[in-house]
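Visitor: Could you take me through the packing and the charged pairs of this model, one question at a time?

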Amino acid sequence: MNFGKFFSSTIDWILTAIEALIGLRVIFKLAGVSPTHTVVKWLYEVSNPLVDPFKGLFSASSPMKRSELELTALLAMLIYGIVGYIISDIIRSSVNSRRPY
């Protein structure tokens with residue numbers, strides 16, 4: 001088994017899971033889903049550490065009745081996607097550039 005391909009695939013899987021969690025968070029907030037529901041509460045608790053480093057980059061928007069577009073979460077998705085792609089690409093290129101002796 002090729003360790004580089006395995007490691008790259010693992011990073012891709014983790015990135016997909018992170019993107020899915022944050023994406024669901026954005027959809028739920030935009031749809032105005034009740035944050036007190038058990039599943040939604042769990043999703044927010046799990047995704048908070050992923051979004052927290054980006055909080056404060058945008059000024060607080062005017063409060064809407066129930067829904068909001070969380071720009072911080074969208075930025076987090078973009079940054080995690082770019083960083084994950086770069087890391088995965090570096091691993092793939094280093095594996096492909098090795099020549100057997």
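**Salt bridges and nonpolar residues**

Guide: In this predicted model, a salt bridge joins the side chains of arginine 25 and glutamate 70, with an N to O distance of 2.9 Å.

Visitor: How many residues apart in sequence are the parts that arginine 25 and glutamate 70 tie together?

Guide: Arginine 25 belongs to helix H1, whereas glutamate 70 sits in the loop between H2 and H3, so the pair ties together parts of the chain whose separation in sequence is 45 residues.

Visitor: Are arginine 25 and glutamate 70 buried or exposed?

Guide: The cut-off for burial is a relative accessible area under 20%, and over 50% counts as exposed. By that criterion, arginine 25 and glutamate 70 are both buried.

Visitor: Which residues are linked with Glu70 in a network of salt bridges?

Guide: Besides the bridge to arginine 25 at 2.9 Å, the side chain of glutamate 70 meets that of lysine 29 in a salt bridge of 3.9 Å, N to O. This pair, too, links distant parts of the chain, with lysine 29 in helix H1 and glutamate 70 in the loop between H2 and H3, 41 residues apart. The residues linked with Glu70 in the network are therefore Arg25 and Lys29.

Visitor: Is lysine 55 buried or partly exposed?

Guide: The side chain of lysine 55 forms a salt bridge with that of aspartate 52 at 3.4 Å, N to O, and aspartate 52 has a relative accessible area of 39%, which makes it partly exposed. For lysine 55 the relative accessibility is 43%, so this residue counts as partly exposed.

Visitor: Which helix gives the most to the largest nonpolar core?

Guide: That core has 10 residues in all, among them Ile18, Leu21, Leu43, Phe54 and Ala73. Helix H1 (3–31), helix H2 (38–51) and helix H3 (71–97) are the elements that give two or more residues to this core. The most, four residues, comes from H1.

Visitor: Which residues does isoleucine 18 touch, not counting those up to four places away in sequence?

Guide: Isoleucine 18 is itself one of the residues of the largest nonpolar core, as is Leu50. With residues up to four places away in sequence left out, isoleucine 18 touches Leu50 and Tyr80.

Visitor: What is the area of the nonpolar surface patch that includes Ile90?

Guide: Isoleucine 90 is found in helix H3, and its partners in the patch include Leu78, Ile82, Tyr85 and Ile87. The area of this nonpolar surface patch is about 720 Å².

Conventions: Residues numbered from 1 in each chain as written. Predicted model: local features only at pLDDT ≥ 70, side-chain atom pairs only at ≥ 80, totals over all residues. Heavy atoms only, no water. Core = buried A, V, L, I, M, F, W, Y, C linked by side-chain atoms within 4.5 Å. Buried < 20%, exposed > 50% of the residue type's maximum accessible area, 1.4 Å probe, protein only. Contact = heavy atoms within 4.5 Å. Patch = residues over 30% accessible without salt bridge, like charges linked within 9 Å, V, L, I, M, F, W, Y side chains within 5 Å. Areas by Shrake-Rupley, 256 points an atom, 1.4 Å probe, with all protein chains shown as cover. Salt bridge = Lys/Arg side-chain N within 4 Å of Asp/Glu carboxyl O.
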